[in-house]
Amino acid sequence: MTVKIKIKRNGCFEEYDVPENITVLDALNYINKTYNKNIQFRASCRAGQCGSCAMTINNEPKLACKTKVKDGMKIEPLEGFNVIKDLIVDRSPYYKKLHNLRNYLQQNVDEEEKITPNDIKDLKSIRGCIDCLSCLSKCPARKFSEYPGPTLIRQLARFAYDPRDEGNREEEAYFENIYNCTTCGKCVEVCPKEIDIVHNAVEKFRAQLFKKGLYLKNHLIVRENVLKGNRSVVKEDTPLLEDESVKDEYIVENEKMRVAFFTGCLVDYRLQDVGKSAIRVLNAHGVSVIIPKNQICCGSPFLRTGQKDVADKLKKHNLEIFNNLDVDAVVTICAGCGSTLKNDYCEKEFKVMDITEVLNAVGLMEYSPLDVKITYHDPCHLRRGQKIYIEPRNILKNIPNLEFIEMEIPDQCCGAGGGVRSGKPEVSSAIGKRKAKMVYDTDADYVITVCPFCEYHIRDSLTKFKEENDLKKDIKVMNIVSLLDKVITDNKKNKIKIK
C-alpha cells in the first residue's frame, strides 16, 4: 500500500507515492532512490536526538525521523528561515546569535563556585534542547519583532540559573527583548523534547529581571492598579460584583452541577454584560452558580511579567475563598484566569473548568437558529494552557443555521498576552495585525473567543486593519457566552432576571 505526499521545492509542490507506515525521513530517501530525484535535506542521528531533520510537516515543525507519513501530507522547509535548497534552511543567523550571547560559562578560574542539587533541578528543566529550531520557526514575537526567539532566551536563562556563571544574563535578556514574548506557549507545543520554555525559562527568568529593576514602566502601572484595587484594570462603571442586581447565588431546579463563578478582572470591571450572560447561560443548562463577591485578580498578569510577589498575595487570598466552597467546580470565562487557576494554583482544593467544558459536560441544549457567519479564535491560554479546543467548536456547531468558518491559523496568538499589550504595544499591534487579516479573510460577521483580553485586542486590531485597508465591513468580536445568550430560548432566559 502507498500514500501520496507532497514535497515543496523551488516554491512548488511535487507529489510522490511512497510506502505507508514509514517515516518522512525514510520517504525522502525512498523518493531519491526510486524516482531518481535529488531532494536536499538535513539528517543525521535518525533517533530524534540531533534535531537536524526538523522541517514543516502539515504546517507544523516536526522531526522527519520521528514522523510517519500520511496520505496528503505536505512537507516544506522550516518556517522563518531563508531556504538554501529544497528542505535545507540557513541556520547561520541562529548560530551567529548564539555565539554573540556568549553561550559558555563565564567564570573566574581563580574562584570556584559550587553548584547545589536545587540549582541542578532548575537547570535540568530547561536543558535537553537539540537545536531543531522548531520553536523559532513558530514564535510570533520573533516573526513580528526584534526578539531572538525562545531557545535563545532559554540559553540565557540556563546560565542565569547557574551560580558559577558570572555574566549579567538578566541585562542581556532585557536588551534581547525578553518582554516581547507573549507567553503563547507555541514553543512548548512544538518542542520535541517538551521543554517548558514559557514557565521554566521566560517567566521564571523575568522574575529575576524584576528583582534587579529590569522591567517595563507600563507593567508598574498594572501593578499599581492591583495594589490599589485588587484588579489589574481601573474601575470605570459599576463592577459586576458590586452590582445590586447581581445576587450571591443562582440556584436552579433539577441541578446538574453547581459551580463557583471566577469572574476575572475584565469581566468584573469592563465586560459586565458578558458576566451576566454567563450566569444566564449556565442556569439555562441546569448549572447553579455561586458568586463569591470578595474574589480578586487571579494574578496572571503578574506571573507572566515576573512580579511574583504580587501574584503570591493574590493567590493566597483567592485560595482562602474558593478552597472553602462546596461546589463541583470553579468556572471561568477567561482563558488566562482558567489557565492560571489550573496550572499556577498548585495548592487549590477545587476543580477548575472553562465554561465550554462545563456546558459540554452537562449536555448542550437545543439552541434557536442564528443566521450569521462566524469564525473562532483559540486563546493561547485555552488551546495550549488548558488543551481546550474541541469543546467551543462543538458548541458552535450545535447552533442551527450558524455558518462556521475556520480562519487560516485559529490558534495563532493575537498579541495580547504575556504583558506585551501593556508593555510593548507596538509588538502587540504587529502580531494583532496578522490575526486581523486572518479574520477578515473569512468574511465572517463575528469572531468568537473565550478570553476578554483576546476580545479587546482583536477588536482593536480589526478596527486598525479596517481603517488601514479602507474596508467597509465591521466584524464584531464576542465571547462565546454572549453568542449563546442570543440563541437560548426566551422562556429559559426569563427565569433569570439580571438587569
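**Glutamate 76, buried or exposed?** In this predicted model, glutamate 76 comes out at 15% relative accessibility, so it counts as buried, given that the cut-off for buried is under 20%. Look for glutamate 76 in strand β5, which covers residues 73-76. Skip its neighbours within four places in sequence, and glutamate 76 is in contact with Lys8, Phe13, Met55, Thr56, Asn59 and Leu87.

**Glutamine 307 in a loop between two helices.** Here we're in the loop that joins α13 (300-304) to α14 (308-322), and glutamine 307 is part of that loop. How buried is glutamine 307? Its relative accessible area is just 1%, so glutamine 307 counts as buried, again by the under 20% cut-off. If you leave out residues up to four places away in sequence, glutamine 307 touches Phe210, His219, Arg223 and Phe302.

**Helix α12, end to end.** This view takes in helix α12, residues 272-284. What span should its 13 residues have at 1.5 Å a residue? The expected figure is 18 Å, and the end C-alpha atoms of α12 sit 19 Å apart, which agrees. Just after α12 comes glycine 286, with a positive phi of about 85 degrees.

**Helix α12 and what surrounds it.** Twelve of the 13 residues of α12 are buried, so the rest of the structure largely encloses this helix. Charged side chains are on the buried list too, including Lys276 and Arg280. Also buried in α12 are Gln272, Val274, Gly275, Ser277, Ala278, Ile279, Val281, Leu282, Asn283 and Ala284.

**Stepping back to the whole chain.** The protein chain has 23 helices and 16 strands. Its radius of gyration is 25 Å, close to the 23 Å that the globule rule gives for 499 residues, so the chain is as compact as a globular protein of that length. Along the principal axes, the C-alpha atoms fill a box of roughly 70 × 65 × 45 Å. Of the 499 residues, 56% count as buried. Among contacts with a separation of 6 or more, 74% come from residues 24 or more positions apart.

**Surface and charge of the chain.** About 22900 Å² of the protein chain is exposed, and carbon and sulfur atoms supply 45% of that area. How far apart are the mean positions of the positive and negative charges? With 79 positive and 72 negative charges in the chain, those mean positions lie 3 Å apart.

How values were computed. Residues are numbered from 1 along each chain as its sequence is written. This is a predicted model: local features need pLDDT of at least 70, side-chain atom pairs count only at pLDDT 80 or more; totals for chains, interfaces and linings use all residues. Side-chain values use heavy atoms; hydrogens and water are left out. Helices (H or I, at least four residues) and strands (E, at least two) are DSSP runs, numbered from the N terminus. The expected span of a helix is 1.5 Å times one less than its number of residues. Buried means under 20% relative accessible area, exposed over 50%, partly exposed in between (1.4 Å probe, protein chains only). The radius of gyration is taken over C-alpha atoms; the globule rule is 2.2 Å times the number of residues to the power 0.38. Contact means heavy atoms within 4.5 Å. Accessible areas come from the Shrake-Rupley method with a 1.4 Å probe; for residues, only the protein chains shown count as cover. Lys and Arg count as positive and Asp and Glu as negative; His and the chain ends are not counted. The place of a charge is taken as NZ of Lys, CZ of Arg, CG of Asp or CD of Glu.
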